[in-house]
Amino acid sequence: MANATQTLAQFRIVAGKDGQSARLHIEDDSGATLELNATREQLDLIADELDKMLDYTEDADEV
């Protein structure tokens with residue numbers, strides 16, 4: 001059975017008390033939630049990848 005791709009419904013980031021980590025809460029359209037701990041370095045990589053994707057697709061926003 002193939003995995004069906006779900007649609008993002010909600011995304012939250014809760015900063016860790018240590019200031020060096022965070023918990024990611026990713027909820028899909030069925031209500032299922034994935035919680036992940038991430039380091040500051042991992043969050044920086046996620047931010048870089050989002051920036052790259054947004055820069056790449058920026059022309060589509062100017063329609």
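**Exercise 1. Place Leu50 in the predicted model, and classify its exposure.**

Step 1. Helix α1, which spans residues 40-56, contains Leu50.

Step 2. The relative accessible area of Leu50 is 48%. A residue counts as exposed over 50% and as buried under 20%, with partly exposed in between. Leu50 is therefore partly exposed.

Step 3. On the surface, Leu50 belongs to a nonpolar patch together with Ile46, Met53 and Leu54. The accessible area of these residues together is about 360 Å².

**Exercise 2. Determine whether His25 is buried or exposed, and describe its surroundings.**

Step 1. His25 lies in strand β2, residues 21-28.

Step 2. The relative accessible area of His25 is 13%. Because the limit for a buried residue is under 20%, His25 is classed as buried.

Step 3. Apart from neighbours within four places in sequence, the contacts of His25 are Gln10, Phe11, Arg12, Val14, Leu34 and Glu35.

Step 4. With Glu35, the His25 side chain makes a side-chain polar contact of 3.4 Å.

**Exercise 3. Describe how strands β1 and β2 are arranged.**

Step 1. Strand β1 covers residues 8-15 and pairs with β2 over seven bridges. The sense of this pairing is antiparallel.

Step 2. Within this pairing, Glu27 of β2 has Gln10 opposite. Gln10 is also one of the residues in contact with His25.

Step 3. Five residues lie between the strands of the β1 and β2 hairpin. In this hairpin, Gly19 adopts a positive phi near 75°.

Technical notes
Residues numbered from 1 in each chain as written. Predicted model: local features only at pLDDT ≥ 70, side-chain atom pairs only at ≥ 80, totals over all residues. Heavy atoms only, no water. Helix = DSSP H or I, 4+ residues; strand = E, 2+ residues; numbered from the N terminus. Buried < 20%, exposed > 50% of the residue type's maximum accessible area, 1.4 Å probe, protein only. Polar contact = N/O pair within 3.5 Å; in protein donor to acceptor, adjacent residues only side chain to side chain. Contact = heavy atoms within 4.5 Å. Pairing = 2+ DSSP bridges. Patch = residues over 30% accessible without salt bridge, like charges linked within 9 Å, V, L, I, M, F, W, Y side chains within 5 Å. Areas by Shrake-Rupley, 256 points an atom, 1.4 Å probe, with all protein chains shown as cover. Salt bridge = Lys/Arg side-chain N within 4 Å of Asp/Glu carboxyl O.
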